[in-house]
Amino acid sequence: MLVRILGASAGGGLPQWNCACSKCQAARSGVIPSLTQSSIAVKAGGKWFLVNASPDVRQQLERLRNGCEDNIRSNPIAGVILTDAEIDHTNGLMILRESKQPLELYGTATVKQALSEGFPVLRTLTNYCGVNWTVLETDASLTLINEQSSQLKVEVFPLSKKPPKYMAQSNDDIWAIGLTFRDVATGGVFTYAPVLSELTDSLRERFEASDCILVDGTFWYNDELQRLGISKRTAQAMGHMPLGGSDGSLQQLKTLKRPRKILIHINNTNPIHQPDSEERMSVEAAGLEVGYDGLTIEL
Ligand code: MLT
Ligand code: MN
Ligand code: ZN
C-alpha cells in the first residue's frame with residue numbers, strides 16, 4: 001500500500017490568504033515550506049483513493065497523475081472517501097465536477113445529509129458529473145472496489161461528535177470518523193485520524209496495532225486562537241485535542257511503540273511549523289514526525 005500526504009495543513013493552508021503571522025510570512029518568503037489543505041491518497045495497486053477533497057484538490061491531484069492513462073479525460077482516482085463534512089475536507093468536490101464518470105463517494109449517512117442540506121454540494125453535482133454514494137457505517141469495514149482485484153480493506157471508527165459550523169442544530173451523531181486501511185497482500189496497516197478529541201483505550205489499541213498513523217496535529221495550545229486574538233474558540237471546543245501540556249496528545253502519542261507517528265492537519269497558528277521552535281523540538285524528541293505535502297509511505 002502507498003499512502004501519500006497531499007495536504008498536511010488544516011483549513012486555511014500555510015500561508016493563509018488573510019494572515020501575516022510569523023509562520024505564514026515564513027512560508028510566503030520560502031523560509032519554511034508552504035502546505036496545502038488537509039487531504040491524503042491511498043492505493044494498493046490500481047488507482048488512488050482520495051481521502052477528503054480539499055479546496056486545493058486541483059493542484060493535489062497533479063501529484064497522483066504519474067502512471068495515469070494518457071487518453072483524453074483520464075482520471076487518477078477511483079473514488080473519494082470523506083471522513084467528515086467540514087469545508088476543508090469537502091469543498092474540493094465542486095472542483096471535481098469535470099469528471100466524466102459519476103463521482104464515487106464514500107461517507108457516513110450523517111455526512112451525506114450535511115452535504116445535501118447545510119452545504120448542498122451533492123445537489124449541485126447531480127447536474128454536472130453525478131454522484132454514487134456508498135454509505136460508511138461506523139465500526140464496520142469494507143473492501144474498496146478498484147479496476148484491479150482490490151486488496152485494500154478499510155475499517156471505519158468514530159472520532160468526534162462536533163458538527164461543522166454550518167450545521168446549525170447539533171445532534172448526537174458521530175460527525176467525524178477515522179479510517180484503518182489494510183493491504184491484504186503485504187499485511188501493512190495504516191490508520192488516519194485527522195481529528196482527535198480524546199485518546200480512548202480503544203483508539204490507543206487501534207494505533208498500537210498499526211504500522212503507521214497520520215494523526216491530528218491541529219493545535220499546540222488549547223487557547224492557541226485566543227492567544228493570537230483570532231477567536232475565542234478553544235481547540236477542545238473544535239474537537240481537537242491540543243498537542244502541548246502534560247495532558248496534551250503528544251505525551252500520550254509518544255508512548256505508542258509500534259507505529260510510525262506523523263502529525264497532519266496542522267493549523268497555520270501551530271508553532272511546530274517553525275523548525276527551530278521549542279515545540280517542534282519536543283515533537284521530534286518524542287519520536288513523532290511533522291507531516292508535509294508529498295510525503296509518501298509504503299506499507
Ligand atoms: C476543523 O478541522 O475543526 C474544521 O475544519 C474547522 C472549520 O473549518 O470550521
Ligand atoms: Mn479541518
Ligand atoms: Zn498565519
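Select helix 9 and turn to the side where E278 and A285 are exposed, a word that stands for over 50% relative accessible area, while buried stands for under 20% and partly exposed for anything in between (1.4 Å probe, protein chains only). Helices (H or I, at least four residues) and strands (E, at least two) are DSSP runs, numbered from the N terminus. The model is predicted, so local features need pLDDT of at least 70 and side-chain atom pairs count only at pLDDT 80 or more, whereas totals for chains, interfaces and linings use all residues. Residues are numbered from 1 along each chain as its sequence is written, chains are lettered from A and ligands numbered from 1 in the order in which they are written, and side-chain values use heavy atoms, with hydrogens and water left out.

Now rotate to the other side of helix 9, which spans residues 278-285, and pick out E279, R280 and V283, which are buried. Seen down the axis, the buried residues fall within an arc of 100°, so they line one face of the helix; the arc is that of the directions from the helix axis to the C-beta atoms. Just after helix 9, select G287, where phi is positive at about 85°.

Next, select the manganese ion (ligand 2), whose protein donors, D88 (OD) and H265 (NE2), lie 2.1 to 2.2 Å from it. D88 lies in helix 3 and H265 in the loop between strand 12 and helix 9, so the pair ties together parts that are 177 residues apart in sequence. Donors are N, O and S atoms within 2.8 Å of the metal (3.2 Å for Na, K and Ca), and water is not among the atoms, so sites may look incomplete.
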